[in-house]
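Q: Please take a close look at charged side-chain pairing in this model, beginning with how open to the surroundings the partners are. After that, please set the pairs beside the sheets and the nonpolar cores, in one connected account.

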Amino acid sequence: MTATPNPVYAFGSFRVDPQEGVLTRDGAAIPLTPKAFDMLVVLVRHSGHIVEKEELLKEVWPDTFVEEGNLTVHISALRRALGDATGGSEDAGLKPGATSMIETVPRRGYRFCVPVQEIWEERPTVLLERRVEARIVREEIEEILPALPWSRRYLTMAGISLLLLTVVAFGWRAVHKTAASPQPMRAVPFASYLGGVQMPEFAPDGERIAFQWGGPTGEKQHIYVKMIGNDPPLQLTTGPGWDRFPAWSPDGRQIAFIREEGEKVGIFVVGALGGAERKLADLSYSRYFDLKWSSDGRYLAFAEKTIADKTNSGESYNSYKSRSIFLLSLATLEKRQLTFPQHPAFDLSCDFSPDGQTLAFMRHADYSSALWTIPVDRGDPRKLHEEQSWIGHLAWTADGQAIVVTSARDGGNKLFRIAATGGAPEPLPFTEDSANFPTIASRGNRLAYVRDYGDVDLWRVELDGFRGPGKAPEVLLSTAHAETAPEFSPDGSRIAFYSDGTGNREVWVSKADGTSPTPVTSFNAWSTYAPSWSPDGRELAFSSIDGPGKSIGGVFVVNVGSKKVRRLTEDAHALPTWSRDGRWIYLAFSSFREARGIWKIPAEGGKLIAVVRDEGVFAQESLDGRSLYYLKSTGGIWKLPSEGGKETEVIPGFGAQLRCYWRVAEHGIYFLNKNSQPGPAIEFLEFTTGRIHRIAGLTGKYTIDHGGLTVSPDRRSIVYSQTSRTASEIMLVENFH
C-alpha cells in the first residue's frame with residue numbers, strides 16, 4: 001500500500017481527484033476538458049480565497065500566453081458541470097440565496113465559495129492506476145514485485161495479465177454498449193431575443209456562440225458573442241453599418257464578419273473579446289453573402305457576385321443571380337473563385353469540412369436546390385443531393401461524415417442530415433417548421449439552430465371620406481398564426497389573404513369583417529404569396545414556389561367556389577394582379593429565366609408579353625385601365641400608359657421591400673410611408689392636387705417583404721397587415737450525434 005501523492009478534494013457529493021484527473025458526483029464521472037479540470041483543482045485548493053486572474057493563468061497555462069477570455073470560457077464550463085443554479089449545487093454547502101459554487105470577483109478573479117475537505121487515503125498502486133496503456137500498468141506492477149523468485153514472479157505476472165485482459169475486455173464491452181445506446185438528443189433554449197437573430201456560429205471550443213442580432217428594433221445588425229450559460233451576450237461590433245455572418249478563427253481568438261455600410265461592403269476581422277477591427281477585403285455591393293473560416297486557418301470562403309459592377313451585371317441588389325463561392329487567402333489576401341455555376345444557377349451557402357480540405361455548398365436553379373462538395377485545393381465538384389425545394393444553410397458534422405441542411409421539402413424550414421457520400425436526407429427528430437441556420441460544434445456533441453417566432457395580424461382603419469383622416473386602427477383578424485397580404489374582393493364582401501393557419505402557407509378567404517376565415521388552397525407547402533381577385537370575384541391568382549403534390553411551382557389560379565386550381569406559368573418568382581377588364585394577368589417577375597420585370601399573360605393562359613423590362617416588383621392597373629402603375633426593384637412607384645409611352649415617377653423613394661403596401665384607387669394612391677413622423681403611417685396621394693394626406697399611423701411594425709394593404713371598393717375601409725411580435729430563439733441541442 002502506498003499513499004496517494006495528492007489528496008482527493010470533497011465537497012457535498014462531489015469528488016475531485018487530481019491524480020486521476022477525474023471529477024465525480026456520487027461516484028459518476030463528470031466530463032471536463034483538461035484545462036477546465038486544472039482550473040477546478042486550483043480553485044478548490046484555495047477554497048474560500050480569491051484566486052487572482054493572473055495567478056489562474058500562470059497555474060493553468062504555464063509558459064504560455066493566453067487571453068483572459070479563456071478564463072470566462074472555462075469558468076462557464078465548470079459552473080455547468082457543477083450544476084450551478086439548476087439544482088446540482090443544493091447539497092454542496094452553498095449559503096442561502098447563492099446560485100454558484102464559483103464566485104466572480106469583479107476586476108480581480110474567482111473564489112470557490114463552498115467548504116472543501118482534503119482526503120488523504122491509501123490505495124493499492126495496481127488499483128490506483130486505471131490507464132489504458134498495458135505497458136504503464138505492467139511497469140508499475142513490476143516495481144512492487146522485484147524480490148519474488150522467478151517462477152513465482154512469472155506465475156504472478158501471468159495471473160495479473162489475465163486479470164488485466166479481463167478488465168480491459170469488460171471495459172471494451174461497457175464502452176461499446178454505451179456507444180450503442182447514446183444519450184438522447186435534446187433541444188433546449190440557449191438564448192431568446194426580440195427581433196431577428198441569424199447566423200449562429202460555434203467557437204472552436206464549443207463553449208461560445210457568435211451571432212448577428214439587430215436588437216429589439218432590428219434596425220442595424222451587429223455581431224454578438226454569448227457563453228453557454230446564463231451570462232449576457234457581449235456586443236463585439238458597433239457603427240452605422242450592418243455586421244453579419246460571423247466566422248471564428250480556428251484558435252478562437254478572432255471573428256471575421258461582413259460589414260455592409262451603404263454600397264461599401266467588405267470582410268473584416270475583430271478580436272473575440274472585441275477591440276480594434278481590421279479590413280481584409282472589399283466585396284461587390286449586393287445583398288446575399290456567406291462567410292466561413294477553414295479549420296487549418298488558410299482561407300475564408302464567401303459567396304459574392306461574379307460580376308462586381310452591378311450596373312453592368314444586369315442583376316439588382318436583391319437578386320440571387322451571378323453568385324459563386326470564392327476563397328480569400330489569409331496569407332496573401334488574394335481572392336480565388338472556387339465554383340463556376342452555369343447561368344441561371346447560382347451558389348450561396350457554404351461550409352468547410354472539419355479537416356479543411358473540402359467545401360460543401362448550395363447550388364440553386366429556378367426550380368431546384370442541390371448540395372455539392374468540392375476540394376479546396378482544386379478538383380471537380382460532386383453533387384450529393386438535389387431536390388425541387390429551397391435548401392438553406394448547412395453545417396458539417398464534427399466527424400465529417402454528414403452535412404446538416406435546412407430544407408423546405410416537407411413544408412416550413414426543417415433540419416435534415418445528408419451523408420457526405422450522398423443519399424436521401426434524414427430528418428432530425430427535434431426540429432419544427434421554423435428551424436434555420438444550423439451550426440455544429442467541432443467538439444462537445446452540440447448543435448444549435450435558430451427558431452423564429454412571429455405573429456402578423458390584419459388591422460382595419462375606417463375612413464369618413466376617401467382623403468381621410470381615418471379612425472384609430474383596430475384589429476380585424478388575429479390568431480396565433482400569420483395573416484398577411486390582404487385583398488378586398490371586387491364587391492367588398494370578402495377579403496383574401498395568405499396564412500399559415502394550417503401549418504403551411506395557403507390562400508385563405510374571410511368575410512369583410514374578418515369572420516369565417518377558410519383556406520381555399522391545400523398545397524401543403526410553405527410558399528404561397530399575394531392573392532389577387534379576378535374582376536368577377538370568382539377566382540384568385542397567386543404564386544407558389546411548390547405546386548400541388550410537390551410539383552413544380554409557378555403562378556396559379558384557383559376557383560374560390562370549387563377550389564379547382566390551374567397553372568399559368570412555371571416560374572414562381574412573380575406577383576400576379578388582374579387587369580380591370582379581366583382579360584390579362586400582370587406578372588411582376590423578380591427572376592424569370594432570361595428576363596425580369598413586368599409581363600402580362602392572357603387570363604386563360606398563353607404567351608407572356610413583356611411590358612416593362614428589367615425593373616418591376618408589383619403592378620396595378622388604374623381603375624379605368626388606361627395606365628399601369630408599378631413598383632421598381634430600385635424603388636419608387638411609376639406610371640406607364642397602357643398603350644405604351646413614357647414612364648413617369650409618381651411616388652419617389654417608395655421602398656421595394658414594401659411591395660404590396662400600396663393600392664391604386666379612383667382618386668389617388670393609398671400607400672405606407674415608413675419615414676413618416678412620429679412613426680410609419682398610411683397616407684394618400686391625391687391625383688388632382690398632388691397633395692399627400694395622412695390617413696392613420698400604424699400602432700405596430702409593418703411587415704417587410706410579404707406585408708400589404710387593401711382598400712374597400714367604397715373607399716371607406718383600409719385593411720393592412722401589421723407585425724404584432726417577432727422574436728428569435730437560439731436552440732441548443734446537447735448529445736448531438
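A: K58 is exposed, with a relative accessible area of 56%, and the residue that pairs with K58 is also exposed, since E54 has a relative accessibility of 54%. As this is a predicted model, these percentages, like every value that follows, are computed from predicted coordinates. The side chains of K58 and E54 form a salt bridge, with 3.4 Å from N to O. Why can these two residues be described as about one helical turn apart? They both belong to helix α2, which covers residues 53–60, and they are four residues apart in that helix, so about one helical turn separates them. Side chains of opposite charge can pair when their charged atoms come close.

The pair formed by R208 and D205 has another setting. Here the closest N and O atoms of the salt bridge are 3.2 Å apart, and R208 and D205 are each buried, whereas K58 is exposed.

D243 and R259 also form a salt bridge, in this case with an N to O distance of 2.7 Å. This pair links distant parts of the chain, as D243 lies in strand β16 (residues 242–248) and R259 in strand β17 (residues 254–261), with 16 residues from one to the other. D243 is buried, and R259 is buried too.

Beyond these pairs, there is a network of salt bridges that links R80, E207, R446 and E734. For the model as a whole, the count of salt bridges comes to 25. On the covalent side, a search of the whole structure for disulfides finds zero. Among the cysteines, C350 is buried with a relative accessible area of 0%, and C660 counts as buried at 6% relative accessibility.

The sheets give the setting in which to read these contacts. In one open sheet, five strands follow the order β5-β4-β3-β2-β9 with antiparallel pairing. The edges of that sheet are held by β5 (28–30) and β9 (117–119), each of which has a single partner strand, so one side of each is left without a neighbour in the sheet. Neighbouring strands of this sheet are turned against each other by 30 degrees on average, with direction ignored. Strand β2, residues 8–11, is joined to β9 by three bridges, and the two run antiparallel; within this pairing, V8 stands opposite I119 of β9. Helix α1 (residues 34–45) lies across β2, β3 (14–17) and β4 (22–25), and runs at about 105 degrees to β3.

Another open sheet has four strands, in the order β20-β21-β22-β23, and its pairing is antiparallel. Its edge strands are β20 (291–293) and β23 (335–337), each of which pairs on one side only, and the twist from one strand to the next averages 25 degrees. Strand β22, which spans residues 323–329, is joined to β23 by three bridges in an antiparallel arrangement, with K335 of β23 as the bridge partner of L328.

Further along the chain, strands β49 (residues 637–641) and β50 (residues 648–651) run antiparallel and are joined by three bridges, and I651 in β50 is the bridge partner of I637. The two strands form a hairpin with six residues between them, and in the turn G644 has a positive phi of about 100 degrees.

I637 also leads to the nonpolar interior, as it is one of the residues in contact with F654 when neighbours within four places in sequence are left aside; the others are L631, G635, G636, Y661, W662, F671 and L672. F654 belongs to the largest nonpolar core, which has 37 residues, and it is listed with W662, I669, Y670, I695 and I718 as touching the most other members. Strand β52 (residues 668–673) supplies the largest share of this core, four residues. A second core, separate from that one, has 34 residues, including A191, L280, L291 and I730.

To return to the charged pairs, the settings run from the exposed K58 and the exposed E54 to the buried R208 and D205 and the buried D243 and R259.

How values were computed
Residues are numbered from 1 along each chain as its sequence is written. This is a predicted model: local features need pLDDT of at least 70, side-chain atom pairs count only at pLDDT 80 or more; totals for chains, interfaces and linings use all residues. Side-chain values use heavy atoms; hydrogens and water are left out. Two strands pair if DSSP finds at least two bridges between them. Axes are lines fitted to C-alpha atoms, for helices over the stretch in contact, and angles run from 0 to 180 degrees between N-to-C directions. A salt bridge is a side-chain nitrogen of Lys or Arg within 4 Å of a carboxyl oxygen of Asp or Glu. Buried means under 20% relative accessible area, exposed over 50%, partly exposed in between (1.4 Å probe, protein chains only). Contact means heavy atoms within 4.5 Å. A nonpolar core is a set of buried Ala, Val, Leu, Ile, Met, Phe, Trp, Tyr and Cys residues joined through side-chain atoms within 4.5 Å. A disulfide is a pair of cysteine sulfur atoms within 2.5 Å.
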